2 protein chains.
Amino acid sequence: MTTMEKGKPGRRGRPREFDQERVLDRAMTVFWRHGYEGASLSELQRATGLAPPSIYNAFGSKQGLYEACLDHYTEGVGSRVTEPLDGARADREGMRRVLMNAAREFSDPDRPRGCMISTAALSVGERHTDVGRAVCARRARTLGAVEAYLVRAQQEGRLSAQADTAALARHFGAIIQGMSVQAGDGADRAELEAMADVAMGAWPPG
Amino acid sequence: MTTMEKGKPGRRGRPREFDQERVLDRAMTVFWRHGYEGASLSELQRATGLAPPSIYNAFGSKQGLYEACLDHYTEGVGSRVTEPLDGARADREGMRRVLMNAAREFSDPDRPRGCMISTAALSVGERHTDVGRAVCARRARTLGAVEAYLVRAQQEGRLSAQADTAALARHFGAIIQGMSVQAGDGADRAELEAMADVAMGAWPPG
DNA sequence: CTCTTTTCATAGTGATCACTACAGAATGAG
DNA sequence: CTCATTCTGTAGTGATCACTATGAAAAGAG
């Protein structure tokens, strides 16, 4: 413990030679396409251009890198899907826009198909149960955001007071998860949008 | 090529010492819980009580055992879910019963949660893309069965002729897939049933 | 009995897994 | 400058992966 005047982000030592955002984007794509267990460290090396020590110095472990990629995904694709939930008014149209956003994002030809979180780490090996819990927690957070939106719609008088907001939230969550599965299986944007339109029929009348 | 009088199931050689059904049941449970990649051969050995040579002699490979387990699942749990699709009349109530069956089966406390096929092998490693395709094909078959049921309902006049049966089938497929995800995340039977009830609101009126 | 066939048990195979020891290189602190 | 610190590249670590070589055991055929 020598003198360490400031707690500032002391730029001591050799500086990093890689762009963290770029690395996260490449690694995210690998995890997105192959899942946590299916993504090998050697493939992550190839994709990021980083040698193992750099990865471990920056992210601690494969799981650390994975969780950083989950955050990166949430901030990017995830926010583009759920953005209507932050709108001024909570109503049927906002919910519909969320589903349409998902249809668009999950079928983007420039990225892996489906959602990186909705259908990730559903069944992992015995040694990686904590990874499953981490992804589960993120799904729960999204489900909570949807339900909060529905409660808000109810309070604003745009959703029937009799509606079961928890069940409705689970329903729309299921649609998003199902769209993720089917996008991965090859469904295109138009098919996902048509499904989303059908799903909106579950929004209670009135 | 010596004399081989009959092509009958010649019971020549040392007989098997294990019960194939029992082995399939145990292996299925392991794959169901941990997925294809997450299930290690050593765990499958422990669960089935079989040594590697017995497994490979009987099923050829890990993938061969996996696909045998998928068939075993389809014949058991799967058929208990989709059984109403074979009913004499195709209508709203039949579709509802499928969802309710799924809610019950996916939350059975005596088995792994969720569906072994609906949400399996969605993102696998580079070396196992054929496993992903095999599971995808089974999901496509189920989706086709649902759509055929809806077409039948339409022909029988119990579903509006204007209804988009393909989109409706995708919708109910998504509900089943979403129930599988959420069951795995801890949703109980009552929650899944409530979600299914909401989803039935997407069945076109008339 | 012998011969062939099939299954079973032991004990491994090379390959790949996630991860790290080590030393050199690049910076700031003093 | 020297020292401490942080990062990078090389070259591995033991562990586990799916899988198999080998030979004995257990059955039918002749």
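The side chains of B:Gln182 and A:Arg170 are joined by a polar contact of 2.9 Å, in what is a predicted model. B:Gln182 sits in helix H7 of chain B, which covers residues 165–184. Is this glutamine buried or exposed? With a relative accessibility of 2%, B:Gln182 counts as buried, because the cut-off for that class is under 20%. Setting aside neighbours within four places in sequence, we find B:Gln182 in contact with residues of both chains. On the chain A side these are A:Leu143, A:Arg170, A:Gly173, A:Ala174 and A:Gln177. From its own chain come B:Ala187, B:Leu192 and B:Met195.

**How the two chains are related**

Let us step back to the pair of chains. Chain B is superposed on chain A by a rotation of 180° with 0.0 Å of shift along the axis, and the RMSD is 0.1 Å. This is the relation of a two-fold axis. Which residue of chain B comes closest to the rotation axis? That place goes to B:Ala202, whose C-alpha is 2.4 Å from the axis. The interface fits the picture: 100% of the interface residues of chain B are also interface residues in chain A, so the copies meet through the same surface.

**DNA strand C**

Now to the nucleic acid. There are 27 residues around DNA strand C, and those that come nearest are A:Leu41, A:Tyr56, B:Arg12, B:Glu17 and B:Asn57. Sugar or phosphate accounts for 71% of the strand C atoms within 4 Å of the protein, while the rest belong to bases. A:Tyr56 places a polar side-chain atom 2.4 Å from a phosphate oxygen of this strand, and a polar backbone atom of B:Glu17 is 2.6 Å from a phosphate oxygen. Helix H2 (41–48) and helix H3 (52–59) of chain A, together with helix H3 (52–59) of chain B, are the elements that give two or more residues to the surface near strand C. By residue class, this surface divides into 10 nonpolar, eight polar and nine charged.

**DNA strand D**

DNA strand D also has 27 residues around it, with A:Arg12, A:Asn57, B:Leu41, B:Tyr56 and B:Lys62 coming nearest. Of its atoms within 4 Å of the protein, 69% are part of sugar or phosphate and the rest are part of bases. At least two residues of the surface near strand D are supplied by each of H3 of chain A, helix H2 (41–48) of chain B and H3 of chain B. The residues here comprise 10 nonpolar, eight polar and nine charged.

The table gathers some protein–DNA atom pairs, for bases and for phosphates.

| Residue and its atom | DNA atom | Distance |
|---|---|---|
| A:Arg14, polar side-chain atom | base nitrogen, strand C | 3.2 Å |
| B:Arg14, side-chain N or O atom | base nitrogen, strand D | 3.2 Å |
| A:Asn57, side-chain N or O atom | phosphate oxygen, strand D | 2.7 Å |
| B:Leu41, polar backbone atom | phosphate oxygen, strand D | 2.7 Å |

**Cysteines**

Finally, how many disulfides are there over all chains? The count is zero, as a disulfide calls for a pair of cysteine sulfur atoms within 2.5 Å. B:Cys69 is in no disulfide, and its nearest cysteine sulfur, that of B:Cys115, is 14 Å away. B:Cys69 is also buried, with a relative accessible area of 0%. For B:Cys136, likewise in no disulfide, the nearest cysteine sulfur is that of B:Cys115, at 14 Å.

Methods:
Residues are numbered from 1 along each chain as its sequence is written. Chains are lettered from A and ligands numbered from 1 in the order in which they are written. This is a predicted model: local features need pLDDT of at least 70, side-chain atom pairs count only at pLDDT 80 or more; totals for chains, interfaces and linings use all residues. Side-chain values use heavy atoms; hydrogens and water are left out. A residue is near a molecule or strand if one of its heavy atoms lies within 4 Å of it. A polar contact is a pair of N or O atoms within 3.5 Å; within protein, one must be able to donate a hydrogen and the other to accept it, and residues adjacent in sequence count only if both atoms are side-chain atoms. Helices (H or I, at least four residues) and strands (E, at least two) are DSSP runs, numbered from the N terminus. Ala, Val, Leu, Ile, Met, Phe, Trp, Tyr, Cys and Pro count as nonpolar, Asp, Glu, Lys and Arg as charged, and the others, Gly among them, as polar. Buried means under 20% relative accessible area, exposed over 50%, partly exposed in between (1.4 Å probe, protein chains only). Contact means heavy atoms within 4.5 Å. Copies are superposed by least squares on the C-alpha atoms of residues with pLDDT of at least 70 in both.
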